[in-house]
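Got the model open in your viewer? Let's take a walk through it, one selection at a time.

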Amino acid sequence: MSIPAGLNIIGEFIVDQLVKTLDEQGHRASGELQETMRHEVKRTGSGFDIIIYAKDYAKYVDKGIPSGVWVSVYALMEWIETKGIVTGEREVKSLAFAIRRTIFNEGSPTKGSLKFSRTGKRDEFIKVMLDANAKIIFEKVTELFTDQITLSLENTIRENKQIFES
């Protein structure tokens, strides 16, 4: 297997684990964040990078929002409608303003949002995923590069052996 192909498999694993962590933390409304996460393997001057792409708001899901910040009431209304928490324009708007006030006072994630998490966390999904999977990712990368070095050495020996035997 080539290095880019192997890194592609590792990138898929990372994205799968990020999606799993988001779901465990209770961060699925429409599923758009999870469904649009993707990776790309890029060759650099010194090797390769695995780049993970996500919606812009992933940074707020990961790092939260500090207290004292007014969030968009329209974004909250859309989220409430997507989740189906309440129906009716008046109810949706009222709940959106209440959530907005709570986020302003407590920041996000709010204390009350922890009940939606299966892990007791509602932030740092990237760190949580990396902490849980660093060893596996390291082992996969090590195995990939070890296999490539071994294959390269075997090919070099085979080529040189043919040169010296002829």
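Start with a cartoon of the whole chain, coloured by secondary structure: this predicted model has 6 helices and 2 strands. Trace the chain from the N terminus and the pattern reads α-α-β-β-α-α-α-α. The radius of gyration is 23 Å, well over the 15 Å that the globule rule gives for 166 residues, so the chain is more spread out than a compact globule.

Now line the view up with the principal axes. The C-alpha atoms fill a box of roughly 85 × 25 × 25 Å.

Next, turn on the surface. About 11,100 Å² of the chain is accessible, and carbon and sulfur atoms own 54% of that. How many of the residues count as buried? Of the 166 in the chain, 27% do.

Keep the surface up and colour the charges. You'll find 23 positive and 24 negative ones, and their mean positions sit 7 Å apart.

Drop the surface and show contacts instead. Among those with a separation of 6 or more, 61% link residues that are 24 or more positions apart.

For a close-up, select Gln34, which belongs to helix H2 (residues 32–36). Is Gln34 buried or exposed? Its relative accessible area is 6%, and the cut-off for buried is under 20%, so Gln34 counts as buried. Show the neighbours of Gln34 as sticks: leaving aside residues up to four places away in sequence, Gln34 touches Val19, Leu22, Asp23, His27 and Arg28.

Last stop: the aromatics. A search of the whole structure turns up 1 aromatic pair. Which two residues make it? Select Trp70 and Phe104: the ring centres are 4.0 Å apart and the planes meet at 15°, so this pair is stacked. The cut-off behind that word is planes under 30 degrees apart.

Zoom out a little while keeping both rings in sight. Trp70 lies in the loop between helix H3 (58–63) and helix H4 (73–83), whereas Phe104 is in helix H5 (residues 89–106), so the pair ties together parts that are 34 residues apart in sequence.

Finally, bring the surface back over these two rings. Trp70 has 41% relative accessibility and counts as partly exposed. Phe104, with a relative accessible area of 22%, is partly exposed too.

Conventions. Residues numbered from 1 in each chain as written. Predicted model: local features only at pLDDT ≥ 70, side-chain atom pairs only at ≥ 80, totals over all residues. Heavy atoms only, no water. Helix = DSSP H or I, 4+ residues; strand = E, 2+ residues; numbered from the N terminus. Rg over C-alpha atoms; globule rule 2.2 N^0.38 Å. Buried < 20%, exposed > 50% of the residue type's maximum accessible area, 1.4 Å probe, protein only. Contact = heavy atoms within 4.5 Å. Areas by Shrake-Rupley, 256 points an atom, 1.4 Å probe, with all protein chains shown as cover. Lys, Arg positive; Asp, Glu negative; His and termini not counted. Charge placed at Lys NZ, Arg CZ, Asp CG, Glu CD. Phe/Tyr/Trp six-rings, centres within 6.5 Å; stacked < 30°, edge-to-face > 60°.
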